[in-house]
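Student: I am new to this structure. Please take one part of it and describe that part closely, then show what surrounds it.

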Amino acid sequence: MSAAQCLAQEKIWFDKSRYDEAERRYYEGMNGPTHAPQETGANTILQDIARARENIQKSLAGNASQGAGDQSELVSRMRSLELENQNLHNVVQDLRSALSLLESRVAALERTPAAAPSVQVTPAQQPKVRAPVEEDDDDLDLFGSDEEEDEEAERIREQRVKEYAERKSKKPTIIAKSSILLDVKPWDDETDMVKLEECVRSVQADGLLWGSSKLVPVGYGIKKLQIQCVVEDDKVGTDMLEEEITKFEDYVQSVDVAAFNKI
Amino acid sequence: MPKDRIHINVVIIGHVDSGKSTTTGHLLYKCGGVDPRTIEKFEKAATQLGKSSFKYAWVLDKLKAERERGITIDISLLKFNTHKFSITIIDAPGHRDFIKNMITGTSQADAALLIVSAAKGEFEAGISRNGQTREHALLAYTLGVKQLMVCVNKMDVTEPPYSQKRFEEVVRNVTVFIKKIGYDPTSVPFVPVSGWSGENMLAASPKMPWFKGWKIKRKEGNASGKTLLEVLDSLSAPVRTVNKPLRLPLQDVYKIGGVGTVPVGKVETGVLKPGMLLTFSPAKLTAEVKSIEMHHQGLQTALPGHNIGFNIKNVAVKNLRRGDVAGNAQHDPPSDVASFIAQVIILNHPGMIKAGYSPVLDCHTAHITCRFAQLQEKIDRRTGKKLEDWPQALVSGDAATVKLVPNKPLCVESFFNYPPLGRFAARDLKQTVAVGVIKSVEKIDQSPKRLAQRAPILK
């Protein structure tokens, strides 16, 4: 292989540094004008970083008090924040006192519902109180939102509220009660029905009152115990009654609700 | 007067303050629902106390007090007679367990009487969104109570008393309300009454001369009249299900010395006769009926509604249990189901119901955990129109078509074929979380051919 050939196939770029230099200059020349602001921007950032580093180091060293110019700036900012915070606190406190005032007022009004002025005031206040309640009840609403006109809805609500207040003052505590008739079935015709009834009546609960009972013939000598009870709706459920009665498994085969009525 | 009156159950729904107790009390009082001696006793006392002018109200109050003490069983079964019917009243309580009882209980309502108050403010509150009235009315409709009547009560306290304008206003509002539930208002009679003073209850009231009477259009024929009693008499008698195949869910099974095995239950459809070959499901047993008894009397034919005990051959007590269903072995025998498609309404569930949810289902006398295997469609509660395919979750108030899979053998039927075996309540967290009607069932030992049937509640 000749030297020329060698050189022709030369794969090493001997004067690369020169080209690089030229390229660098070229781009520097081209980007020169825009370069400057960027650099200053970068500089400020760098400076900031440096300052922050300094600060961190200082605070780490535990002599943060020797504040540089920037630190004083931060301190002043913090002060303004503190001031703002205090203002907010004041506002919250004002609101709180206002709310407690309202509360006491409402309580006072509720205490004297029959009084003439309260009837006038309550309609104005009740809607606020009732609104969330209505929302809560939405999950019970089987009809979705109804496309009632605002006017109509408002009218209805107004009337309702009036009625509500009236009713409240008239009969403050009516305990909803139901009358339940239970069929208690034994295992066979030889079950001691007297003992069975004793067991049933031994079930005690708040809001549960056992009433009269009788034995009803079923067939083939089997009798069932039909027993009456009165329950307070919020306190006693049929599940609980069934559960408690069927616990006497030596006597009781099953329990059915024969009648369930409002009182 | 016909001696054998047709028996019919009427559920009374209405707001606490609609005066429904007073109104039902009035009917009971005037139509022989209260022991005459009791009334006499109270009436005498009322006169002695100088309360004869308020006699009626006073007696009602006393009766209520008596019921509250639970002394007499007879007055807890609210029964009275009209010209045609012997009516048992179910005065719907607000009790949270009542809904389950309305679905699985022994007395199913044939008709519903909605009582609303015409008194100022009370009507608006009664029919409000959060009211139990809506829930009960919707349930009645969903559970196939097709006949509805409306009583506009407390006409004596409207402003001015017996106001025609107020009555019309209430009727207008209630019409919208019942239409939303799904009832056809032209088949619903509206009567203005006063349960307190008795206007238009048994006799047409001279105080409301403007009331020209109610009119209804029904498939079974049109009817009209003026009083509430006439409305009750206009009810169509419940469709007899004698001609259907036998279905008898067992309540209890007894072992009687010298007799043998005696299952007890209520005939829901069809007839039962001695000598019949029965199939029990899911027990998968066949046995011959030897004899039938009701109230210790031998019976040759047991009809729907009869609560009976019957003696069967060669079956041990332990092989049968509550929740099994008896049917004629030769005529569409009952079978347990692999799964069933039901339309459910979520009533009270604090969170989201997703596929896999497994509450306990109460259906006829059975009490079995079932899994919501697929949530197929979310639907509009009123129209039954599809809202969404394969919903991710259901919340309170939603209605949906769901595929349910029992985790133990269970025999249920489509609501269309055997209504009492096709409705259920789903219970969880000690409350009724959902109610449903079964659209179709996939039987285990038969080919699933019944998928085409849709429950009639979907209009």
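Tutor: What follows is a close look at the second largest cavity, and then at the sheets and helices of the two chains. The model is a predicted one.

The structure holds 2 cavities of 30 Å³ or more. The second largest has a volume of about 50 Å³. Its lining is made up of His15(B), Ser18(B), Ile115(B), Val116(B), Ser117(B), Glu122(B), Phe123(B), Gly126(B), Ile127(B) and Thr133(B). By character, these residues divide into 4 nonpolar, 5 polar and 1 charged. Two elements of chain B, β4 (111-117) and α5 (122-126), each supply at least two residues of the lining. Rolling a probe the size of a water molecule over the atoms shows where empty space is left.

Start from β4(B). This strand belongs to an open sheet of 6 strands in chain B, with the order β2-β3-β1-β4-β5-β6 and mixed pairing. At the edges are β2 (78-81) and β6 (190-192) of chain B, each of which pairs on one side only. From one strand to the next the twist averages 25 degrees. Strand β1 (residues 6-14) of chain B runs parallel to β4(B), and 5 bridges join the two. One of the lining residues, Ile115(B), lies in β4(B) opposite Gly14(B). Helix α7 (residues 164-181) of chain B packs on this sheet and touches β4, β5 (147-153) and β6 of chain B. The direction of α7(B) makes about 150 degrees with that of β6(B).

Another lining residue, Thr133(B), leads to helix α6 (residues 132-142) of chain B. Of the 11 residues of α6(B), 10 are buried, and the helix is mostly covered. Thr133(B) is one of the buried residues, which also include Arg134(B), Glu135(B), His136(B) and Tyr141(B). After α6(B) comes Gly144(B), with a positive phi near 85 degrees.

Further along chain B is strand β22 (residues 431-443). Because 11 of its 13 residues are buried, β22(B) is largely enclosed by the rest of the structure. It pairs in the antiparallel sense with strand β16 (residues 337-346) of chain B over 9 bridges, and Ile346(B) stands opposite Ala434(B) of β22(B). Strand β21 (residues 423-428) of chain B also pairs with β22(B) in the antiparallel sense, over 6 bridges. Here Arg423(B) has Val437(B) as its bridge partner. In the hairpin of β21(B) and β22(B), 2 residues lie between the strands, and Leu429(B) takes a positive phi near 50 degrees.

Chain A has an open sheet of 4 strands in the order β2-β3-β1-β4, with antiparallel pairing. β2 (208-219) and β4 (254-262) of chain A stand at the edges with a single partner strand each, so one side of each is left without a neighbour in the sheet. Neighbouring strands are turned by 20 degrees against each other on average, direction ignored. Between β2(A) and strand β3 (residues 222-232) of chain A there are 9 bridges, and the two run antiparallel. Leu215(A) has Leu225(A) as its bridge partner in β3(A). Helix α6 (residues 193-201) of chain A packs on the sheet, touching β1 (177-185), β2 and β3 of chain A, and its direction makes about 15 degrees with that of β3(A). Helix α7 (residues 238-246) of chain A lies across β1, β2, β3 and β4 of chain A and runs at about 150 degrees to β4(A).

Note on methods. Residues are numbered from 1 along each chain as its sequence is written. Chains are lettered from A and ligands numbered from 1 in the order in which they are written. This is a predicted model: local features need pLDDT of at least 70, side-chain atom pairs count only at pLDDT 80 or more; totals for chains, interfaces and linings use all residues. Side-chain values use heavy atoms; hydrogens and water are left out. Buried means under 20% relative accessible area, exposed over 50%, partly exposed in between (1.4 Å probe, protein chains only). Two strands pair if DSSP finds at least two bridges between them. On a 1 Å grid over the protein atoms alone, a cavity is a set of points where a 1.4 Å probe fits but cannot get out, and a pocket is an open set with protein on both sides within 12 Å along at least five of seven lines; lining residues have an atom within 4 Å of a point. Grid points are joined across faces, edges and corners, and a volume is the space filled by probe spheres set on the points. Ala, Val, Leu, Ile, Met, Phe, Trp, Tyr, Cys and Pro count as nonpolar, Asp, Glu, Lys and Arg as charged, and the others, Gly among them, as polar. Axes are lines fitted to C-alpha atoms, for helices over the stretch in contact, and angles run from 0 to 180 degrees between N-to-C directions. Contact means heavy atoms within 4.5 Å.
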